[in-house]
Amino acid sequence: VWIELRWSEPQWLGQVQLTFDSGFQRELTLTASETINRGIIRGPQPETVRDYSILYQPPGSSQWIPLVRVEGNYLRMRRHEFAPVLAEAIRVHVDATNGDPYARIFEIRCYGPGA
């Protein structure tokens, strides 16, 4: 499963920020309430993307070049900085979540070098 961002003109990129689903529909709090405690998942949230890659496509190329590979993620937001690249497009490939059958990325932000 992947999602692609493509620009009409190549862009210099130096950072990609991803925001994943992390189960905010469930209450996560310290409480003595058994009703609330039953719904709390103590550990990585099943919805959160666990294993993924970010690749880019140089201008005029059909090749996809890896920028980032992450395994074992449990965080809602990840920022990845890398040596600047000129990209016509990027792809985020999701290989696994922490248990949910559906991968959900809420936001992808791309920044130029030095941002």
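## Gly112, after the last strand

Gly112 is partly exposed, because its relative accessible area is 28%, and this falls between the limits for buried (under 20%) and exposed (over 50%), as found with a 1.4 Å probe on protein chains only. Like everything described here, this value belongs to a predicted model, in which local features need pLDDT of at least 70 and side-chain atom pairs count only at pLDDT 80 or more, while totals for chains, interfaces and linings use all residues. Residues are numbered from 1 along each chain as its sequence is written, and side-chain values use heavy atoms, with hydrogens and water left out.

In the chain, Gly112 is found in the segment that comes after β5. When its neighbours within four places in sequence are set aside, Gly112 is in contact (heavy atoms within 4.5 Å) with Trp12, Leu13 and Gly14. Gly112 can also be compared in position with Pro84, since the C-alpha atoms of these two residues are 7.5 Å apart in the model, although 28 residues separate them along the chain.

## The chain as a whole

The protein chain contains one helix and five strands, where helices (H or I, at least four residues) and strands (E, at least two) are DSSP runs, numbered from the N terminus. Following the sequence from its start, a reader meets these elements in the pattern β-α-β-β-β-β, in which the helix stands between β1 and β2.

The chain has 115 residues, of which 37% count as buried. Among the contacts between residues at least 6 apart in sequence, 76% join residues that are at least 24 apart.

## The sheet and its pairings

The five strands form an open sheet with antiparallel pairing, and their order across the sheet is β3-β2-β4-β1-β5. The edges of this sheet are β3, residues 65-70, and β5, residues 105-111, each of which pairs on one side only. As a general point, strands of a sheet pair through backbone hydrogen bonds, either parallel or antiparallel. Here two strands count as paired if DSSP finds at least two bridges between them.

Between β1, which covers residues 2-20, and β4, there are 13 bridges, and these strands run antiparallel. One position in this pairing is Leu18, which stands opposite Arg78 of β4. On the other side of β4 in the strand order comes β2, and β2 and β4 are paired in the antiparallel sense over eight bridges. In this pairing, Asp51 is placed opposite Ala96 in β4.

## Strand β2 and Ile54

Strand β2 covers residues 49-57 and is joined to β3 by five bridges, with the two strands running antiparallel. Ser53 is placed opposite Arg69 of β3. Ile54 has a partner on each side of its strand: in β3 the bridge partner is Val68, and in β4 the bridge partner is Val92. Strand β2 is also mostly covered, with eight of its nine residues buried.

## Val16 in strand β1

Where in the fold does Val16 lie? Val16 belongs to strand β1, and Val16 counts as buried because its relative accessibility is 0%. Beyond the residues up to four places away in sequence, Val16 touches Ile54, Arg78, Arg79, His80, Phe82, Ile90, Ile108, Arg109 and Cys110. A further position to look up is Leu67, which is 51 residues from Val16 in sequence and 9.9 Å from Val16 in space, taken from C-alpha to C-alpha.

## Thr97 at the end of strand β4

Strand β4 covers residues 77-97, and Thr97 is part of this strand. Is Thr97 buried or exposed? Thr97 is buried, because its relative accessible area is 11%. Not counting residues up to four places away in sequence, Thr97 touches Pro46, Glu47, Thr48, Val49, Arg50, Tyr102 and Ala103.

The side chain of Thr97 also makes polar contacts, that is, pairs of N or O atoms within 3.5 Å in which, within protein, one atom must be able to donate a hydrogen and the other to accept it, and in which residues adjacent in sequence count only if both atoms are side-chain atoms. The backbone nitrogen of Gly99 lies 3.1 Å from a polar atom of the Thr97 side chain, while the backbone oxygen of Asp100 lies 2.5 Å from a polar atom of that side chain.
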